[in-house]
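Let's learn to read a protein model together, one feature at a time. Please look at the sequence and the structure first.

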Amino acid sequence: AKISYYLMDIELLFSRKPFVQEVSGQFSIISPNYSEDIQLDAQPEMIKLALPEKFRDRNLMIEVSGGGLTRSVAYYPHSLAVSMIESFGQVQIRHQETGKPVVSAYIKVYARLKDGQVVFYKDGYTDLRGRFDYASLSTSQLDNVEKFAVLIMSESAGSLIREAAPPNL
C-alpha cells in the first residue's frame with residue numbers, strides 16, 4: 001500500500017469547500033508532501049502506523065492506496081474540547097487538558113441553504129466564556145439554512161471543523 005501525506009491550509013480549503021466530506025477529492029491532482037510504501041500481510045485486519053514526527057502537529061490529508069482502493073481522512077491535531085449547542089446556535093470551546101475557555105479563537109461559518117447553495121454566513125471570535133453564536137444574524141437568512149459548517153482556529157490549541165444543524169427557533 002502507499003500512504004501519502006498532504007499538508008493543508010485548513011482555512012483556505014474550508015473557504016473553498018466548507019463541508020468536510022467534500023475535501024478529500026481536492027488532493028488527487030497535487031503531489032503529496034511525503035509518501036511511503038508499506039508492506040501489508042495477506043489478510044491484515046488492522047495495522048497501526050506511527051505518523052511521521054514532522055507531521056504530528058500539522059493539519060493533513062492522509063491518503064492510503066492499495067489493491068485498487070483509495071481512502072483518505074483529514075487529520076487535525078488539536079487540544080480543543082468543542083461543544084456544539086445546536087438548540088441555541090452556539091459553540092463553546094475549552095482546552096481539553098485544563099477545561100478553561102479558549103478566548104479569541106477565530107470562528108468562520110458557512111451555511112448550506114435549503115436550495116443546496118453554500119454561502120459564507122459569518123465569522124468572529126470566541127468571547128471570554130469561549131463561546132460564539134454562529135447562527136444569529138440581523139436578517140431572516142437562518143430560515144433558509146439546512147446545515148452549518150464551522151471552522152474553529154486557535155493559535156495555541158489547533159484547528160478543527162464541525163457541522164451543525166440550525167437551531168429550531
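Q: Let me start with one residue. What does Asp 127 count as, by its relative accessibility?
A: Asp 127 counts as partly exposed, because its relative accessibility is 27%. Buried means under 20% relative accessible area, exposed means over 50%, and partly exposed lies in between (1.4 Å probe, protein chains only). A word on the model itself: it is predicted, so local features need pLDDT of at least 70 and side-chain atom pairs count only at pLDDT 80 or more, while totals for chains, interfaces and linings use all residues. Residues are numbered from 1 along each chain as its sequence is written, and side-chain values use heavy atoms, with hydrogens and water left out.

Q: Which residue forms a salt bridge with Asp 127?
A: First the general idea. Side chains of opposite charge can pair when their charged atoms come close. The rule asks for a side-chain nitrogen of Lys or Arg within 4 Å of a carboxyl oxygen of Asp or Glu. For Asp 127 the partner is Arg 129. Their closest N and O atoms are 2.8 Å apart. Arg 129 is partly exposed, as its relative accessible area is 46%.

Q: How many salt bridges does the rule find in total?
A: The count comes to four. Besides Asp 127 with Arg 129, take Glu 53 with Arg 56. Here the closest N and O atoms are 2.5 Å apart.

Q: What is the relative accessible area of Glu 53?
A: Glu 53 has 58%, so Glu 53 is exposed. Its partner Arg 56 is at 37%, so Arg 56 counts as partly exposed.

Q: Which side chain meets that of Glu 11 in a salt bridge?
A: The side chain of Lys 108 does, at 3.5 Å from N to O. This pair links distant parts of the chain. Glu 11 sits in helix α1, residues 10-16. Lys 108 sits in strand β7, residues 106-113. The two are 97 residues apart.

Q: Where do Glu 11 and Lys 108 fall on the accessibility scale?
A: They fall in two classes. Glu 11 is partly exposed, because its relative accessibility is 27%. Lys 108 counts as buried, because its relative accessibility is 11%.

Q: What does the secondary structure come to?
A: One helix and eleven strands. Helices (H or I, at least four residues) and strands (E, at least two) are DSSP runs, numbered from the N terminus. The elements run β-α-β-β-β-β-β-β-β-β-β-β from the N terminus on.

Q: How should I read strands that lie side by side, and in what order do the four strands of one open sheet come?
A: Two strands pair if DSSP finds at least two bridges between them. In the four-stranded open sheet the order is β8-β7-β10-β11, and the pairing is antiparallel. Strands β8 (118-125) and β11 (158-164) are the edges, each pairing on one side only. So β7, which holds Lys 108, stands between β8 and β10 in that order.

Q: How many bridges join β10 and β11?
A: Seven bridges, in the antiparallel sense. Strand β10 covers residues 145-154. As an example, Met 153 stands opposite Ser 159 in β11.

Q: Which three strands form another open sheet?
A: They are β5, β6 and β9, in the order β5-β6-β9, with antiparallel pairing. Its edge strands are β5 (80-85) and β9 (131-133), and each pairs on one side only. Strand β6 (residues 90-95) pairs with β9 over three bridges. Val 91 stands opposite Phe 132 in β9.

Q: Which way do β1 and β2 pair, parallel or antiparallel?
A: Antiparallel, over four bridges. Strand β2 covers residues 34-37. Lys 2 stands opposite Asp 37 in β2. Strand β1 also pairs with β3: six bridges join the two, and they run antiparallel. In β3, Glu 63 is the bridge partner of Ser 4.

Q: How far does the whole C-alpha trace span along its principal axes?
A: It spans about 55 × 40 × 30 Å. The protein has 169 residues, and 39% of them count as buried.
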